[in-house]
Every structure is written in structure tokens, then in C-alpha cells.
Amino acid sequence: MYPSVSIIIPVYNDPFGLKETLDCLVTQVFPKDQYEIIVIDNGSTDSTFEIGNSYADQFHGLIRFVLENKVKGSYAARNKGIEVSHGKLLIFMDANVTVGSDYIEKVND
């Protein structure tokens with residue numbers, strides 16, 4: 001069974017913003033088997049890659065980390081996220097955005 005919601009986060013050189021965003025998304029009250037978080041790294045040159053991989057390892061099955069380094073630009077990262085997503089509802093979120101623990105629940109209503 002695929003998740004009903006896909007959260008797509010394109011990111012480039014923002015390890016602290018990514019961490020901040022992922023921290024609030026992994027604590028959602030929405031059932032964990034009904035959403036996925038897809039982080040698309042657009043060729044970062046700092047520790048963003050390590051942060052994304054670390055979260056994907058720690059939250060295996062909830063977070064996927066994908067590298068898009070063929071084409072630079074947020075549109076390329078978003079398109080890659082769409083390509084690998086499974087949800088019927090797609091949510092695009094930038095790294096460094098924080099939301100409440102009921103965010104997905106409210107958006108999915």
C-alpha cells in the first residue's frame with residue numbers, strides 16, 4: 001500500500017534548515033504509514049548530503065533521500081520528487097520551513 005501524502009523537499013546547501021524541517025515532519029500526528037518525506041538534494045557542496053542521508057537511515061521507510069545533480073535548479077529537484085513520489089496529494093516544502101505536529105492532518109482534510 002502506498003502512502004496517500006508525499007512531502008517533497010528540494011534542498012541545496014541548507015543542512016540546518018533541512019534538519020529543522022525534518023524534525024517537525026517526523027513528529028506529525030498523521031499515521032506514519034500514510035505519508036512519505038522525499039528529500040531531493042540538488043548537488044549540495046556542504047553537509048546537506050550527510051544530514052539527508054542520516055535522516056533517511058534513521059527514519060527508514062518514512063524519509064527517502066534522492067540526489068538530483070544532473071540539472072541544477074529547484075524545478076529539477078521538484079520534478080525528480082514528483083517522479084519518485086507515491087502519494088495522491090503532493091506537498092512541496094522548502095528546507096527551513098517548520099510546521100505544527102498536525103500540519104499533514106489539516107492539509108489532508
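The exercises below deal with the fold and one helix of a predicted model.

**Exercise 1.** Describe the order of helices and strands in the protein chain, and decide how its compactness relates to that of a globular protein of its length.

*Solution.*
Step 1. Count the elements: the protein chain has 4 helices and 4 strands.
Step 2. Read along the sequence: they follow the pattern β-α-β-α-β-α-β-α.
Step 3. Compare the radius of gyration with the globule rule. The value for the protein chain is 13 Å, close to the 13 Å that the rule gives for 109 residues, so the chain is as compact as a globular protein of that length.
Step 4. Add the extent: the C-alpha trace spans about 35 × 25 × 20 Å along its principal axes.

**Exercise 2.** Find which residues of helix H3 are buried, and explain why they line one face of the helix.

*Solution.*
Step 1. Locate H3 at residues 74-84.
Step 2. Apply the cut-off: buried means under 20% relative accessible area. In H3, Ala76, Ala77, Gly81 and Val84 are buried.
Step 3. Look down the axis of H3. The buried residues fall within an arc of 140°, so they line one face of the helix.
Step 4. Turn to the face away from the buried side: exposed residues there are Tyr75 and Glu83.

**Exercise 3.** State which strands the buried residues of H3 pack against.

*Solution.*
Step 1. Contact requires heavy atoms within 4.5 Å.
Step 2. The partners are strand S1 (5-11), strand S2 (35-41) and strand S3 (63-67).

**Exercise 4.** What share of the protein chain is buried?

*Solution.*
Of the 109 residues, 44% are buried.

Note on methods:
Residues are numbered from 1 along each chain as its sequence is written. This is a predicted model: local features need pLDDT of at least 70, side-chain atom pairs count only at pLDDT 80 or more; totals for chains, interfaces and linings use all residues. Side-chain values use heavy atoms; hydrogens and water are left out. Buried means under 20% relative accessible area, exposed over 50%, partly exposed in between (1.4 Å probe, protein chains only). Helices (H or I, at least four residues) and strands (E, at least two) are DSSP runs, numbered from the N terminus. The arc is that of the directions from the helix axis to the C-beta atoms. The radius of gyration is taken over C-alpha atoms; the globule rule is 2.2 Å times the number of residues to the power 0.38.
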